[in-house]
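Open the model in your viewer and keep the selection tool at hand. This tour goes stop by stop, with something to select at each one.

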Amino acid sequence: MIPVRFLRSAQADIRAEKAFYRKISPELANRFQTAVQVAAQAIEFQPLAMQIVEMNIRRWPVDNGFPHGILYRVEAQEILVLAVFHPKQDPERWKAQARGG
């Protein structure tokens, strides 16, 4: 099992989405947080289960009714979560995050 590490950019994505959902319902924000945690645990156990989408980056669905994906890269010692991304967002943003920009 390889540990999962969320980059600051991914942590900021989660905070922003939780704030969005909290405006609708605190329960919805909590459901989103839980869904992200469950997906991260699944990635930890099966990091190669998803196909590469671009630049050696894989996308794991958040599920539980949320359209988001966790974009991550499997490294030798850890799994780097680069972004937590809604499919209607501009993909150039997560690509820039993946490049470190």
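**Stop 1: a buried arginine**

Select Arg 58, which sits in strand E3, residues 57–63. Keep in mind that this is a predicted model. Arg 58 is buried, yet it has no salt bridge. Where is the nearest side chain of opposite charge? It belongs to Glu 75, and it is 10 Å away from Arg 58. A salt bridge here requires a nitrogen–oxygen pair within 4 Å.

Now show the backbone of Leu 48. The side chain of Arg 58 reaches the backbone oxygen of Leu 48 at 3.5 Å. Next, display what surrounds the arginine, setting aside residues up to four places away in sequence. Arg 58 touches Pro 47, Leu 48, Met 50, Gln 51, Ile 52 and Val 53. Arg 58 also touches Ile 70, Leu 71, Tyr 72 and Val 74.

**Stop 2: the neighbour in E3**

Step back to Ile 57, also in strand E3. Ile 57 is buried, and its relative accessible area is 0%. Add Leu 71 and draw a C-alpha to C-alpha distance. Ile 57 and Leu 71 are 6.4 Å apart in space, with their positions 14 residues apart in sequence.

**Stop 3: the whole chain**

Zoom out and switch to cartoon. The chain has three helices and five strands. In what order do the elements run from the N terminus? The order is β-α-α-β-β-β-β-α. Color by accessibility next. Of the 101 residues in the chain, 39% are buried. Then turn to contacts between residues at least 6 apart in sequence: 47% of them join residues at least 24 apart.

**Stop 4: two helices**

Select helix H1, residues 8–24, together with helix H2, residues 26–45. Their axes lie 6 Å apart, and the helices pack at an angle of about 150°. Angles over 145 degrees count as roughly antiparallel, so H1 is roughly antiparallel to H2.

Show side chains where the two helices meet. From H1, pick Ile 14, Glu 17, Lys 18, Tyr 21, Arg 22 and Ile 24. From H2, pick Pro 26, Leu 28, Ala 29, Phe 32, Gln 33 and Val 36, which meet that H1 set.

**Stop 5: further along H2**

Stay in helix H2 and select Ile 43. Is Ile 43 buried or exposed? Ile 43 is buried, at 0% relative accessible area. Beyond residues up to four places away in sequence, Ile 43 touches Val 4, Trp 60, Ile 70, Tyr 72 and Ile 79. Add Met 1 as well. Ile 43 and Met 1 are 42 residues apart in sequence, and their C-alpha atoms are 9.5 Å apart.

**Stop 6: a histidine in E4**

Go to His 68 in strand E4, residues 66–74. His 68 is buried, with 0% relative accessible area. Which residues is His 68 in contact with, leaving aside neighbours within four places in sequence? Glu 17, Tyr 21 and Phe 32 are among them. Arg 59, Trp 60, Pro 61 and Val 62 are also in contact with His 68. So are Val 84, Phe 85, His 86 and Pro 87.

**Stop 7: the salt bridges**

Side chains of opposite charge can pair when their charged atoms come close. A search of the whole structure finds two salt bridges.

Select Arg 5 and Glu 78. Their side chains meet in a salt bridge at 3.0 Å, N to O. The pair links distant parts of the chain, with the two residues 73 apart. Arg 5 is in strand E1, residues 4–6, while Glu 78 is in the loop between E4 and strand E5. Arg 5 is partly exposed at 39% relative accessibility, and Glu 78 is partly exposed at 23%.

Now select Glu 75 and Arg 73. This salt bridge spans 2.9 Å, N to O. Glu 75 is partly exposed, at 31%, whereas Arg 73 counts as buried at 18%.

**Stop 8: two positive phi angles**

Most residues other than glycine have a negative phi. Select Met 55, in the loop between strand E2 and E3. Its phi is positive, near 50°. Met 55 is partly exposed, at 35% relative accessible area.

End at Asn 64, in the loop between E3 and E4. Asn 64 has a positive phi of about 55°. At 44% relative accessibility, Asn 64 is partly exposed.

Terms used. Residues are numbered from 1 along each chain as its sequence is written. This is a predicted model: local features need pLDDT of at least 70, side-chain atom pairs count only at pLDDT 80 or more; totals for chains, interfaces and linings use all residues. Side-chain values use heavy atoms; hydrogens and water are left out. Helices (H or I, at least four residues) and strands (E, at least two) are DSSP runs, numbered from the N terminus. Buried means under 20% relative accessible area, exposed over 50%, partly exposed in between (1.4 Å probe, protein chains only). Lys and Arg count as positive and Asp and Glu as negative; His and the chain ends are not counted. A polar contact is a pair of N or O atoms within 3.5 Å; within protein, one must be able to donate a hydrogen and the other to accept it, and residues adjacent in sequence count only if both atoms are side-chain atoms. Contact means heavy atoms within 4.5 Å. Axes are lines fitted to C-alpha atoms, for helices over the stretch in contact, and angles run from 0 to 180 degrees between N-to-C directions. Angles under 35 degrees count as roughly parallel, over 145 as roughly antiparallel, 65 to 115 as roughly perpendicular and the rest as oblique.
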